[in-house]
Amino acid sequence: MEVFRNKVDKTHRIIQTEHLIKKINPKSVLEIGAGDYSFESIASELSGLKKWDKLDFSPPCDIQLDINKEDVVFPINNASYDLIIITEVLEHLLWPQSVLKECRRILTDSGNIIGSVPNIVSFSYRIKWLLGGIPSCAACGNLPSGIGLTTYLQEDGKIIAGHVIDFNKKRLMQLFSYCLFPCLKFYSVGLFWGRQILPPILTPTSFSSNLLFVASKG
C-alpha cells in the first residue's frame with residue numbers, strides 16, 4: 001500500500017529530538033512511523049550503533065506492519081532495542097496503549113522511548129479555540145481533505161489514519177503510567193504557527209506546539 005506523504009520541515013521539534021537521540025547514544029534503535037521523516041540521518045554521529053530498524057504501515061521501512069489494531073503484536077523478540085523513536089504517531093492510533101505495551105516488551109530494561117505528539121492546549125491552539133476555530137492538528141478521524149487536515153492519501157484515492165486522539169501533558173502521563181512507564185520527562189519544542197515563532201527556551205512545555213518526551217521503565 002503506497003501513500004502520499006507530506007514534506008516535514010526541520011523545525012525545533014526535529015532538532016530537539018535529534019539532540020535527545022545523540023544524548024542517549026543508543027546501540028540499537030527501532031523507529032516507528034519513520035516513513036514521514038527518519039532520524040537515521042544522524043546515525044553516523046552515534047558511537048557504537050549496531051542496528052537501526054524502521055517500522056511503518058507502508059514503505060519505505062524494514063518492518064511493514066499495521067499497528068492501528070487492538071491486538072497488535074510486533075514481529076520482534078523481547079528486549080531487542082535500547083531506544084524506540086515514535087514521533088507524531090500516537091495521535092493517529094485508536095489503541096495507542098497496545099503499541100506502547102509492545103514497545104515496553106521489546107525494550108531493554110534500561111531502554112528509552114523518545115516520542116512526540118501535538119499539544120492540543122499549546123498557546124497557539126488555545127487562541128484558535130478561543131476564536132471559535134479548530135486547531136489544524138485536532139482529532140478529525142478520516143474526514144476528507146480540507147475538512148480533516150491530518151489524513152494520509154492512498155494511491156487508490158482513499159484516506160486513512162487521521163488524528164483520532166488529542167493529547168495534553170496530563171493525558172499523555174496517564175497513558176504512559178497505564179502502560180507501566182512511570183518515568184516521563186517533557187521537553188519544549190517552542191511555538192510553531194505556520195513557522196517557528198518562539199524557540200524552546202522561551203516556551204514552557206505546557207504551551208509548546210508539541211509534547212516531546214522521553215519515557216523509561218523506571
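Colleague: Where is the place of Asn 25?
Modeller: In this predicted model, Asn 25 sits in the loop between H1 and E2, and its phi is near 55°, a positive value in a residue other than glycine.

Colleague: And is Asn 25 buried, partly exposed or exposed?
Modeller: Asn 25 counts as partly exposed, because its relative accessible area is 22%, and buried would mean under 20%.

Colleague: What about Ala 79, what is its phi?
Modeller: Ala 79 has a positive phi of about 50°, although it is not a glycine. Ala 79 is placed in the loop between E4 and strand E5, which covers residues 81-87, and with a relative accessible area of 44% it is partly exposed.

Colleague: While we are on the backbone, which peptide bond is cis?
Modeller: The bond from Pro 59 to Pro 60 is cis, with omega near 5°, and Pro 60 is found in the loop between E3 and strand E4, residues 63-64.

Colleague: Changing topic, how many salt bridges does the count come to?
Modeller: The count comes to five salt bridges. One of them joins Lys 22 to Glu 45, with the closest N and O atoms 2.9 Å apart. That pair links distant parts of the chain, since Lys 22 belongs to helix H1 (residues 12-24) while Glu 45 is in the loop between strand E2 (28-32) and strand E3 (51-56), 23 residues apart.

Colleague: How accessible are Lys 22 and Glu 45?
Modeller: Lys 22 is partly exposed, with a relative accessible area of 37%, and Glu 45 is also partly exposed, with a value of 48%.

Colleague: Which residue does Lys 54 form a salt bridge with?
Modeller: Lys 54 forms a salt bridge with Glu 40, and the closest N and O atoms are 2.9 Å apart. Lys 54 lies in strand E3 and Glu 40 in the loop between E2 and E3, so the pair ties together parts that are 14 residues apart in sequence.

Colleague: Why does Lys 54 count as buried?
Modeller: Lys 54 counts as buried because its relative accessible area is 19%, and the cut-off for buried is under 20%. Its partner Glu 40, at 31% relative accessibility, counts as partly exposed.

Colleague: And Arg 105 with Glu 102, where do they both lie?
Modeller: Both lie in helix H2 (residues 96-106), three residues apart, which is about one turn of the helix, and their side chains meet in a salt bridge at 2.8 Å, N to O. Arg 105 is partly exposed at 26% relative accessibility, whereas Glu 102 is buried, with a relative accessible area of 10%.

Colleague: OK, on to empty space: how many cavities of 30 Å³ or more does a search of the whole structure find?
Modeller: The search finds one cavity of 30 Å³ or more, and the largest cavity has a volume of about 30 Å³.

Colleague: What lines the largest cavity?
Modeller: Its lining is made up of Glu 91, Pro 118, Ile 120, Cys 137, His 163, Ile 165, Asp 166 and Phe 167. Sorted by class, that lining has five nonpolar, one polar and two charged residues.

Colleague: Back to the surface, which residues form a nonpolar patch there?
Modeller: The patch consists of Trp 193, Ile 197, Leu 198, Ile 201 and Leu 202, which together have about 530 Å² of accessible area. Leu 198 belongs to strand E11, residues 196-198, and it is partly exposed, with a relative accessible area of 31%. That value fits the patch rule, because patch residues need over 30% relative accessible area.

Colleague: Last bit, how far apart in space are Lys 23 and Pro 199?
Modeller: They are 20 Å apart in space, C-alpha to C-alpha, and 176 residues apart in sequence. Lys 23 is in helix H1 and counts as exposed, at 61% relative accessibility.

Colleague: And Lys 217, where is that found?
Modeller: Lys 217 is found in the segment after strand E12, residues 210-216, and it is buried, with a relative accessible area of 16%. The C-alpha atoms of Lys 217 and Leu 93 are separated by 22 Å, and the two residues are 124 residues apart along the chain.

Definitions and conventions:
Residues numbered from 1 in each chain as written. Predicted model: local features only at pLDDT ≥ 70, side-chain atom pairs only at ≥ 80, totals over all residues. Heavy atoms only, no water. Patch = residues over 30% accessible without salt bridge, like charges linked within 9 Å, V, L, I, M, F, W, Y side chains within 5 Å. Areas by Shrake-Rupley, 256 points an atom, 1.4 Å probe, with all protein chains shown as cover. Salt bridge = Lys/Arg side-chain N within 4 Å of Asp/Glu carboxyl O. Helix = DSSP H or I, 4+ residues; strand = E, 2+ residues; numbered from the N terminus. Buried < 20%, exposed > 50% of the residue type's maximum accessible area, 1.4 Å probe, protein only. 1 Å grid on protein atoms, 1.4 Å probe; cavity = no way out; pocket = protein on both sides within 12 Å on 5 of 7 lines; lining within 4 Å. Points joined across faces, edges and corners; volume = space filled by probe spheres on them. Nonpolar A, V, L, I, M, F, W, Y, C, P; charged D, E, K, R; others polar.
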